[in-house]
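Okay, thanks for coming, everyone. Have a look at the screen while I talk you through this one.

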Amino acid sequence: MTIPQAFNVAGAQFAADASGGFRIVTGDKLLSHLRFDFIKLDVEGMECEVIEGLRETIARDQPAMFIEVWNENVPRFDALMEELGDQFSCEAKEAVTPCV
């Protein structure tokens, strides 16, 4: 695990290194026995990967969603949401530089 910005522990990132990897389970597999009315994601640039892993859940439950999307991921995210047939509205905000 790395924390690129010491002031933002929530921005931690996981990556395999020489000592080995880690197991990844999709949200669909992990949460298949639950139902969702609302999903909120703030996953530090991994929003498209998380949505991919929740395809079945989103199709089944059609939850309302609030998703923070990094600017560089907006085109891919928009295409993914269109592919999923989701009706969504978007409010774009300028990036905020935190105070140190």
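Let me start with some vocabulary: I'll say buried for under 20% relative accessible area, exposed for over 50%, and partly exposed for in between, with a 1.4 Å probe and protein chains only. What you're seeing is a predicted model, where local features need pLDDT of at least 70 and side-chain atom pairs count only at pLDDT 80 or more, while totals for chains, interfaces and linings use all residues. Residues are numbered from 1 along each chain as its sequence is written, and side-chain values use heavy atoms, with hydrogens and water left out.

So, Glu 44. Its relative accessible area is 19%, so Glu 44 is buried. It isn't a glycine, and yet its phi is positive, about 50°. You'll find Glu 44 in the loop between strand 1 (38-41) and helix 2 (47-52). By helices and strands I mean DSSP runs, numbered from the N terminus: H or I with at least four residues for helices, E with at least two for strands.

Now, Gln 62 has a positive phi too, near 45°, and Gln 62 is a residue other than glycine. This one sits in the loop between helix 3 (55-61) and strand 2 (64-67). Is Gln 62 buried or exposed? Exposed, because its relative accessibility is 65%.

On to the two strands. Strand 1 and strand 2 pair in the parallel sense over four bridges; for strands to pair, DSSP has to find at least two bridges between them. In a regular strand, side chains alternate between the two faces of the sheet. Here, strand 1 has Ile 39 and Leu 41 on a covered face, and Phe 38 and Lys 40 on an uncovered one.

Across from Phe 38 stands Ala 64, in strand 2. Ala 64 counts as partly exposed, because its relative accessible area is 44%. What does Ala 64 touch, leaving aside neighbours within four places in sequence? Asp 37, Phe 38 and Ile 39, where contact means heavy atoms within 4.5 Å. Ala 64 and Ile 39 are 25 residues apart along the chain, with 6.4 Å between their C-alpha atoms.

Next, the middle of things. The largest nonpolar core has ten residues: Ile 39, Leu 41, Cys 48, Ile 51, Leu 54, Ile 58, Ile 67, Phe 77, Leu 80 and Met 81. Strand 1, helix 2 and helix 4 (74-83) each put in at least two of them, and helix 4 gives the most, with three. A nonpolar core, by the way, is a set of buried Ala, Val, Leu, Ile, Met, Phe, Trp, Tyr and Cys residues joined through side-chain atoms within 4.5 Å.

Let's pick two members. Ile 67, in strand 2, is buried because its relative accessible area is 18%. Not counting residues up to four places away in sequence, Ile 67 touches Leu 41, Glu 47, Ile 51 and Phe 77. With the same kind of neighbours set aside, Phe 77 is in contact with Cys 48, Ile 51, Ile 67 and Val 69.

One last distance: Ile 67 and Val 43 are 24 residues apart in sequence, and their C-alpha atoms are 8.7 Å apart in space.

That's my tour, thanks for listening.
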